[in-house]
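Student: I've just opened this one and I'm new to it. Can you walk me through what I'm looking at?

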Amino acid sequence: MKKTLIATLMMSSVAFAHADDHKDASAATLDSKQQKLGYSLGTMLGTRMSQSFSDLDVKSFVAGFEDATAGKELQMTMEEVTQTIQAYQQEEMEKEQLAQQKAAEEAKAASEAWLKEKESEDGVQKTDSGLLYKVITTGEGEKPTATDTVKVDYEGTLMDGSVFDSSYQRGEPITFPLNGVIPGWTEGLQLMPVGSKYELYIPSDLAYGPGGTGPIPPNAALKFVVELHGIEKAE
């Protein structure tokens, strides 16, 4: 959850109108500054609560709020209140972790299926690591080593074809040490003589893995079109 229940409750000190007494919010009287302020704060807190707690029992919430603000004897001890909130937070966190795990497993399966499909296409070759590549054009220059710095143009896309990064769109190539990028790039560019243009199909474990990064989701296989323009040899 983006906000815990405790943090959400502490962000605004405002009472809900009781559900039985105020079924129609438009019936609220908003003549004074205090009434408008109360309604405004109630709207803010109500919006936050509805976004974070879709199954919240509003009637019980209002009862607890009114008892606390009126100084009445509470129906639960503060220890019970804290334990209840913490148990809810733990349960929601576990649900979110399970959902993330399921999504990651589904993404990995989809990536593997996509790579298997690519592997069957004409001209696609596979290395021992699982990297797939296709030669578009072959240059006549030297091949880089992992410790060299390379100058390239490239475009990276997700499996659905959406572009997440492109030097072509920026209008200029990029230069970087070959051992400072994802393993799929480090391996793939060492296959390319200067002047070559390849397509690389990179498994997630040779890319950003289960963590993903930025626009790249967890366990995503990636496609790169890469042109190798030059090499700066390591000292």
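Student: Let's begin with helix α4: what span should its 42 residues have, and how far apart are its end C-alpha atoms?

Tutor: This is a predicted model, so we're checking one computed value against another. Helix α4 takes in residues 78–119, and at 1.5 Å a residue it should span 62 Å. That agrees with its end C-alpha atoms, which are 61 Å apart.

Student: Which feature does UniProt place at residues 71–110?

Tutor: In the model, that span is 82% helix and 0% strand, with its end C-alpha atoms 57 Å apart. The UniProt record, an unreviewed entry, has a name for residues 71–110: "coiled-coil region".

Student: How much of the chain scores a pLDDT of at least 70?

Tutor: The average pLDDT for the protein chain is 87. Residues 1–23 are a weak spot, with pLDDT below 50, although that stretch has 41 contacts in the model beyond near neighbours in sequence. Where pLDDT is low, the predicted coordinates shouldn't be read in detail. As for the share of residues scoring at least 70, it's 89%.

Student: Okay, on to the inside. Which strand gives the largest share of the largest nonpolar core?

Tutor: That core has 24 residues, and the members touching the most others are Val152, Trp185, Leu189, Ile202, Phe224 and Val226. At least two residues each come from β3 (149–157), α6 (183–189), β6 (197–202) and β7 (222–232). The largest share is 4 residues, and the strand supplying them is β7.

Student: Where does Val226 make contact, leaving aside neighbours within four places in sequence?

Tutor: Val226 is one of the core members that touch the most others. Its contacts include Asp153, Tyr154, Met192, Ser196, Lys197, Tyr198 and Leu200. Also among them are three names from that busiest group: Val152, Trp185 and Leu189.

Student: And how many residues are in the second, separate core?

Tutor: Its members include Leu115, Val124, Tyr201 and Ala221. Leu115 is also among the buried residues of α4, along with Trp114 and Lys118. The count for this second core is 6 residues.

Student: What kind of aromatic pair do Trp114 and Tyr201 form?

Tutor: The pair links helix α4 to strand β6, 87 residues apart in the chain. Trp114 counts as buried because its relative accessibility is 11%, and Tyr201 counts as buried at 1%. The ring centres are 5.9 Å apart with 65° between the planes, and over 60 is the cut-off, so the pair is edge-to-face.

Student: How about Tyr154 and Phe224: what is the angle between their planes, and what does that make the pair?

Tutor: Tyr154 sits in strand β3 and Phe224 in strand β7, so their pair ties together parts 70 residues apart in sequence. Tyr154 is buried, with a relative accessible area of 6%, and Phe224 is buried too, at 4%. Both belong to an aromatic cluster with Phe164, Phe176 and Trp185. Their ring centres lie 6.5 Å apart and the planes are at 55°, so the pair is tilted.

Student: Last one: is Asn219 buried or exposed?

Tutor: Asn219 lies in the loop between β6 and β7. Its phi is near 55°, a positive value in a residue other than glycine. Its relative accessibility is 8%, and the cut-off for buried is under 20%, so Asn219 counts as buried.

How values were computed
Residues are numbered from 1 along each chain as its sequence is written. This is a predicted model: local features need pLDDT of at least 70, side-chain atom pairs count only at pLDDT 80 or more; totals for chains, interfaces and linings use all residues. Side-chain values use heavy atoms; hydrogens and water are left out. UniProt positions are given in the numbering used here, feature names are shortened, and annotations may be inferred rather than shown by experiment. A nonpolar core is a set of buried Ala, Val, Leu, Ile, Met, Phe, Trp, Tyr and Cys residues joined through side-chain atoms within 4.5 Å. Buried means under 20% relative accessible area, exposed over 50%, partly exposed in between (1.4 Å probe, protein chains only). Contact means heavy atoms within 4.5 Å. The expected span of a helix is 1.5 Å times one less than its number of residues. pLDDT is the predictor's confidence in each residue, from 0 to 100. Rings of Phe, Tyr and Trp (its six-membered ring) pair if their centres lie within 6.5 Å; planes under 30 degrees apart count as stacked, over 60 as edge-to-face and the rest as tilted.
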